[in-house]
Amino acid sequence: MCGIVGYIGGREAAPILIDGLCRLEYRGYDSAGVAVIDSAGTMLVRKKKGKVQNLQAVLSDAVHGTIGIGHTRWATHGEPSDVNAHPHASGNGDIVVIHNGIIENYGSIKLELERKGHTFRSATDTEVLAHLIEEVQAGGGYDLETAVRLALKQVVGTYGLAVLSQSDPNLLIAARKGSPLILGIGDGEYYLASDASAIVSYTRNAVYLEDGEIATIRREGYTVKAIDTFLTLPKAVEELSFDIEQIEKGGFDHFMLKEIHEQPDAIFNSMRGRIDPNTGKVQLGGLAAVLPQLQNAKRIIIAACGTSWHAALVGEYLIEDLAKVPVEVEYASEFRYRNPIIRPDDVVIVISQSGETADTLAAVREAKSKGALVLGICNVVGSTIARETDCGVYTHAGPEIGVASTKAFTAQVTVLSLIAILLGRLRMLPYSESKILAAELLAVPEKIRQILKLNDEIKIIAEIFKDSTNFLYLGRGYNFPVALEGALKLKEISYIHAEGYPAAEMKHGPIALIDEHMPVVVIATRDNAYGKIVSNIEEVRARKGRVIAIATEGDTEIDGLAEFTIKIPPVMDFLTPMLTSIPLQLLAYHIAVLRDCNVDQPRNLAKSVTVE
Ligand code: M6R
């Protein structure tokens, strides 16, 4: 999704902007651009379709200046092109704007501006904003800050934006509504970014802008005001919580592969200090204040999108199994629009790696407006969802850069397991049992280390199936959501069509697809569904489907049934998703690499989907 970088200080802005844009590449984008004001006060704008390298190629030596803004665009209005790339200039060229989000009423504003004589170069909503600011400024003789603020009051939609003006070449303006912005504080210099990864190599001190806030930034200092009232707001400077090393590849070919291998540590960090190995007692500081409400909850609703939604499905099994509380799982994007029934003793949990997913944020607001207690499970510390939820639990998986979510998923399932044990203990789960569950949970990182050693074996299977055009993934019980997740991983990074199904559903339709060309990945671990899943494998074999089974070490029966087996260490049923998902991530990864796909930045996808 779109990315914003800004700089004002004493150094050359362009290299800092380019470095920041490169750090934001993982979010997904289709074009990039910068605007720099030079020492003579001239606005220099360069923008290019495609990768940041294309932009670098047109950034001639002439682009010098110590104030600038940069943007990576993910098209919403108008195709990816040089002209639609940001920054966008006002009609007179004095003002330039970069913008994340969507101006919903841009059509009517554009018509009105055209009536007043404005002509537009691009198909974007952002250009309309640049013209609107110019129009407001000219109409009232306002300074830039006031003009931006008054223009934003006419706007319906979402924005994280940055504005420069040739007429005031020492001023950078930023404003936020529904799209994150962070102001990095340096020594006599300031940075702006939509994502901390763009600026963390320059400063660890940051101010998070909230919705409805506008910041004016000069070399001498900054102020943050409310867009509505224009009153100055006190803002705390917070410490960014990750290091630059965490967002580099560390010797791996891709971030995705690095993040797959980070899972033992990520899961360990998700549990660190939260579970007592001697007693099995779970303590989640973020939920301490709401334990009575959790204990009395009659129903839990979990809302999320994509991979986080798959984690939510695992959470449904976990919480119903261990804590015996009814759970419903919702796509966050549907939740808001179907006027959900929320009762006073319902608890809503939202799950989001980025903490910025627009659909999930909308679900948070919907649930809160209906009076629900809303808990967040987020990875990015200080993200919007983390801050708007009533309370929550961070996954502490570390920055996830690969667009395809891997370690975030297993860390989310870890946190959901902790919540399920905690809730179970608050209700009826016997002490002796929770102690066993805790010990098993604590053993998961080591078991994942064992599975990661199968990397080369999985790569061989990937080579055999890399040219397949379809895949089917089957699982039952706890592993049904893993089948969905395995299929999602494959399709998003390799562009092979893949479907995930509860194994028993196969005979109600998908079985028609099976022939000798169809690889079927079956999660067939030794759990209480094993006997049934073996029957499903027989059904596939009878139709000449090619079975790749994820099975349990020591299971020899499966060797005679499946064409390929990948064996994972034995584990209690409730923990199988954390283990079975790993070979599926590796399978998708290797197939995508062998097909020469851009694994970390798959086409059309964004890391953080901040538009509805
Ligand atoms: O940041 P979130 O967890 O809210 O993101 C939700 C989905 O957009 C995300 O999981 C997406 O499906 C990933 N590309 C999956 O790999």
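**View 1. The ligand and its shell in the predicted model.** In this predicted model, 13 residues surround the ligand, and the closest are Ser308, Ser352, Ser354, Thr357 and Glu492. Sort the shell by residue type and you get 8 polar, 3 nonpolar and 2 charged residues. As for where the ligand sits, the space it takes up is the second largest pocket. Two elements, helix H9 (306-322) and helix H17 (480-494), each give two or more residues to the shell around the ligand. H9 brings the largest share, with 3 residues.

**View 2. Polar contacts around the ligand.** Start with Ser308: an N or O atom in its side chain is 2.6 Å from an oxygen atom of the ligand. Thr307 uses its backbone instead, with an N or O atom 3.0 Å from a ligand oxygen. Over at Val403, a backbone N or O atom lies 3.3 Å from a nitrogen atom of the ligand. How much of the ligand does the protein bury? Taken alone, the ligand exposes 410 Å², and 92% of that is buried by the protein.

**View 3. A tilted tyrosine pair, Tyr317 and Tyr478.** Searching the whole structure turns up 8 aromatic pairs, and this view picks out the one formed by Tyr317 and Tyr478. Their ring centres are 5.7 Å apart and their planes meet at 45°, so the pair counts as tilted. Tilted is the label here because the angle is neither under 30 degrees, which would be stacked, nor over 60, which would be edge-to-face. Tyr317 belongs to helix H9, while Tyr478 is in the loop between strand S20 (470-475) and H17, so the pair ties together parts 161 residues apart in sequence. Both helices named here, H9 and H17, turn up again in the shell around the ligand.

**View 4. The cis peptide bond at Pro87.** Have a look at the bond joining His86 and Pro87: this peptide is cis, with omega at about 5°. Where does Pro87 sit? Pro87 is in the loop between strand S4 (67-73) and strand S5 (88-89).

**View 5. Positive phi at Phe230.** Phe230 isn't a glycine, yet its phi is positive, near 70°. You'll find Phe230 in the loop that runs between strand S13 (221-226) and strand S14 (238-239).

**View 6. Positive phi at Asp596.** Asp596 is another residue other than glycine with a positive phi, here near 65°. To place Asp596, go to the segment after helix H19 (576-594).

Note on methods. Residues are numbered from 1 along each chain as its sequence is written. This is a predicted model: local features need pLDDT of at least 70, side-chain atom pairs count only at pLDDT 80 or more; totals for chains, interfaces and linings use all residues. Side-chain values use heavy atoms; hydrogens and water are left out. A residue is near a molecule or strand if one of its heavy atoms lies within 4 Å of it. A polar contact is a pair of N or O atoms within 3.5 Å; within protein, one must be able to donate a hydrogen and the other to accept it, and residues adjacent in sequence count only if both atoms are side-chain atoms. Accessible areas come from the Shrake-Rupley method with a 1.4 Å probe; for residues, only the protein chains shown count as cover. On a 1 Å grid over the protein atoms alone, a cavity is a set of points where a 1.4 Å probe fits but cannot get out, and a pocket is an open set with protein on both sides within 12 Å along at least five of seven lines; lining residues have an atom within 4 Å of a point. A molecule sits in a cavity or pocket if more than half of its atoms lie within 2 Å of its grid points. Helices (H or I, at least four residues) and strands (E, at least two) are DSSP runs, numbered from the N terminus. Ala, Val, Leu, Ile, Met, Phe, Trp, Tyr, Cys and Pro count as nonpolar, Asp, Glu, Lys and Arg as charged, and the others, Gly among them, as polar. Rings of Phe, Tyr and Trp (its six-membered ring) pair if their centres lie within 6.5 Å; planes under 30 degrees apart count as stacked, over 60 as edge-to-face and the rest as tilted.
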